[in-house]
Structures are given as structure tokens and as C-alpha cells.
Amino acid sequence: MTKVIFEITEEALESGLRGFPVGYCTTSKVDPELGLHYRGKAVREFAHFKPEEVMYCIMEGKLENSSPGFKTFCGELEKRAPLHPKVKEHICKLPRESHPMKLLIAALTIMSPFEAENKYPEDCLNVIAKIPEVVAILINYHAGWGETPPSNPKLGYMENFCHMLRTPNVQDKKVFNEVMRLFNVLHYDHGGGNLSTFVGKAVASGHEDMYGSLAASMCALEGPLHGKANQVCLAFLQEIHKEVGDKVTGDQMEALIRKRLDAGKLLYGFGHAVLRKEDTRATLLCEAGEKYFPNHPLVRIGLLLRERAPKVLSENPKIQDPYANVDLMSGSVLSAAGFPYPDYFTVLFGLSRIVGIARQIVYERCEARGGKGTPIIRPKYLYKSA
Ligand code: MLT
């Protein structure tokens, strides 16, 4: 007998598929109370690991750093990193007037004819190996920071990215690299149903190649309700800082939150579709803010908001999740580390999330249903006369 997993009620229609199980995700899970887990391990456990170690765990389900399998994986990333020269040439002709996310979407499409092997598992590794150089070229070009230094994958995945990025404001390179590493490993994957991942898998279900599928997923990530929330949130922290200055106390912040909500204004950086506790990624970024930049004005504003807003928000019974999400602190920590360029925050999110989406595409195309793969996505819409 077929097991009933979920009853579909009328209220569930036109609700963004919220809570509908549509398949399996083998790489990560978002538990409402316990937060994000990669391959069954809480994301906190990965907070101090190298990107290669975390990626290998997402790829293979094993957290190892000296096994032959791990060494082969690192070797493959190095071997596959060199970018076809045409990719760089074409990226550097894209319109600089566009938001950099549009350039990332275009860059993935440009990669297809030069880089695609048209085998999902191969292209998963290829794109992960090459994307740091693509993003570094794209940002340096868009920002007008000049020629990108030659890639040196031997430095390590994110160290190489930081070496290629010609950001001019870095005071402490070690802290900058550390913040970039943390941001990167925390954004790899977030279950199977976040919008960009779902869209990438849906497009791949029509057998579009890895690069086109990821370009589609980056269109989904660009929206301010999804990946661009980090950029929006930094603008919000800056607005609050302008209003209250550096010396604001917790009580003054609480009063400001109430005033804002009473005026019908939004509070960015709080709440999540699935989570019902503080997002562990937010907790880890807050800890990094407290550790490295306790006196940075935007970090301070973010920490005060995190302390006071949940209390005020939870007074509203309609708010299911009053806690900080990943976007609250990510922009202020990046800014404090020497990357105060909000237009590129979503691109950094994309650089990371491509890892999880690419791996989930491999699962759906090559491993699901005993290796047959999932069929083309084709949900049913009920006809309703207008
Ligand atoms: C994410 O990391 O993708 C966001 O938290 C959004 C989501 O999970 O739906």
C-alpha cells in the first residue's frame, strides 16, 4: 500500500509550496529547531573546517582530511581550476551598468560552450573548481579594480579566491581570509527546497546542462527575498546607524524597533520560512563579529538588533520566527573585514551556494530513483476562471 506522506488541503494552494515534500535531499537538512545540517552534522561542527573539507563532505558524505578520497578530490579541484581564456575575455565585455548578479548569471551561460563536458558529475566538479576565478574576474572587472592576478589553486580554495580579488580596503589579510572562508562554508547548501536550489534542479530536470541550470538558479538567488537579502540588510543596518549613531543603548534600540514596527516598516534580517530558532549561520557570524570587530558600528547595531528584536517580534502572534537569520550579520561582518561592497554580497552567496546546488543536481539527475533520475518537473495547476 502507498504510504501517505502529506495531505494536500486547499489552503496549501498558492502558498509557495510551503512545507510540501517533493523529493529527497541527501546533502543537507534544515531542522526548524536545530538548524542547518550538512550530511547529518550540525553546521556549527564545520565552522572551523577548510572549504575543501566541507565541500568533500557535501559531495561524498564523509568528513575527512587525509584519506585517499579526500586527496583525490583536492587534486581534482586543482586540476580542473584553469579557465578557458575565452570565458575571461567574454566576461570582461559584459555591461558594467548591470548588477553584478546579472554578470554572474551571464558568466555561467558563457562557460557552457567552453567548459561543459555535458556529464552532470563532471560538470559539478568543473564548475566548483572554476567558479572562484570566474567570480574574482567578474568583481575586479565590474568594480574597476584592474587585471585579476593569475589563479593559484595551490593556495587553497578560498585563499586563492582572496588572492585573486583585488579589494582595496583590507587591513588584516588573515582576518579577511578567515571571514571569507566562514561566509563561504556557511552558505554551501540549505536543504533541497530553497528557491535557487529548487529552480536549478527544476531546470536541470528538462536536461538543461549544469551551467544553464546554475544560471537559472542564480536568477532565483538574485531576488531580495532570497540571496539579495544580505545586501538589503546591510542598507537597513546603515539606515539604523544613521538614525541612532554609535552610542545607542539596548533600550534605545528596543524603542526604535517598536517605533519602526508601529509605522508599518519592516525589520530585515529576521525570520525564515522553515527555522523556528535563531539561524545557526547567524549565530556563527555574530560570534565572528563579536570576536573580530566588536567596535565596528554596523556590527554593534546588528548585535543589538539580534538581542532586542526577537522579544518585540514575538509579541506579535502572527510572527512564527522572530529570530535572526543568516543575512542579519553577514554584510556587516564582510564590511568590517574590508569588503564594504554590498553589490557583491549576493555574488559571494552564489559563489558558495553553487556547490550545494550542483551536487543536488547530480543527485536528481544521476542518483535518484535507483539511478534513473527524477522526471521533468511538471506540477499540476487547477483551472480557475478569472
Ligand atoms: C537559504 O540559505 O537558502 C535561505 O536561508 C533561504 C531558504 O532556506 O529558503
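Helices (H or I, at least four residues) and strands (E, at least two) are DSSP runs, numbered from the N terminus. This is a predicted model, in which local features need pLDDT of at least 70, side-chain atom pairs count only at pLDDT 80 or more, and totals for chains, interfaces and linings use all residues. Residues are numbered from 1 along each chain as its sequence is written, and side-chain values use heavy atoms, with hydrogens and water left out.

**Helix H5 and the second largest pocket**

Start with H5. This helix gives the most residues to the lining of the second largest pocket: four. A pocket is an open set of points on a 1 Å grid over the protein atoms alone, with protein on both sides within 12 Å along at least five of seven lines; lining residues have an atom within 4 Å of a point. The volume of the second largest pocket is about 210 Å³. A volume is the space filled by probe spheres set on the points, with grid points joined across faces, edges and corners. The pocket is lined by 17 residues, and Glu 52, Glu 78, Pro 153, Gly 156 and Tyr 157 are the closest to its centre. Helix H2 (68-80), H5 and helix H6 (157-164) are the elements that give two or more residues to this lining.

**H5 against H9**

H5 (residues 120-143) also packs with helix H9 (residues 210-222), at an angle of about 60° and with axes 10 Å apart. Axes are lines fitted to C-alpha atoms, for helices over the stretch in contact, and angles run from 0 to 180 degrees between N-to-C directions. H5 and H9 are therefore oblique to each other. Angles under 35 degrees count as roughly parallel, over 145 as roughly antiparallel, 65 to 115 as roughly perpendicular and the rest as oblique. Which residues in H5 meet H9? They are Tyr 120, Asp 123, Cys 124, Asn 126 and Val 127, and they meet Met 210, Tyr 211 and Leu 214 in H9. Contact means heavy atoms within 4.5 Å.

**The largest cavity**

A cavity is a set of grid points where a 1.4 Å probe fits but cannot get out. The count comes to one cavity of 30 Å³ or more. The largest cavity holds about 30 Å³ of space. Its lining consists of His 241, Gly 245, Asp 246, Val 248, Pro 297, Arg 300, Ile 301 and Leu 304. Helix H13 (residues 297-313) gives the most to this lining, with four residues.

**Three sets of residues by class**

Ala, Val, Leu, Ile, Met, Phe, Trp, Tyr, Cys and Pro count as nonpolar, Asp, Glu, Lys and Arg as charged, and the others, Gly among them, as polar.

| Set | Nonpolar residues | Polar residues | Charged residues |
|---|---|---|---|
| Contact of H5 with H9 | six nonpolar | one polar | one charged |
| Lining of the largest cavity | four nonpolar | two polar | two charged |
| Lining of the second largest pocket | nine nonpolar | three polar | five charged |

**A covered helix**

Helix H14 (residues 327-336) is mostly covered, with 10 of its 10 residues buried. Buried means under 20% relative accessible area, exposed over 50%, partly exposed in between (1.4 Å probe, protein chains only). The buried residues of H14 pack against helix H7 (173-186), helix H10 (229-244), helix H12 (280-292), H13 and helix H15 (345-367).

**Positive phi**

Most residues other than glycine have a negative phi. His 207 has a positive phi of about 70°. It sits in the loop between helix H8 (195-204) and H9, and is exposed at 58% relative accessible area.
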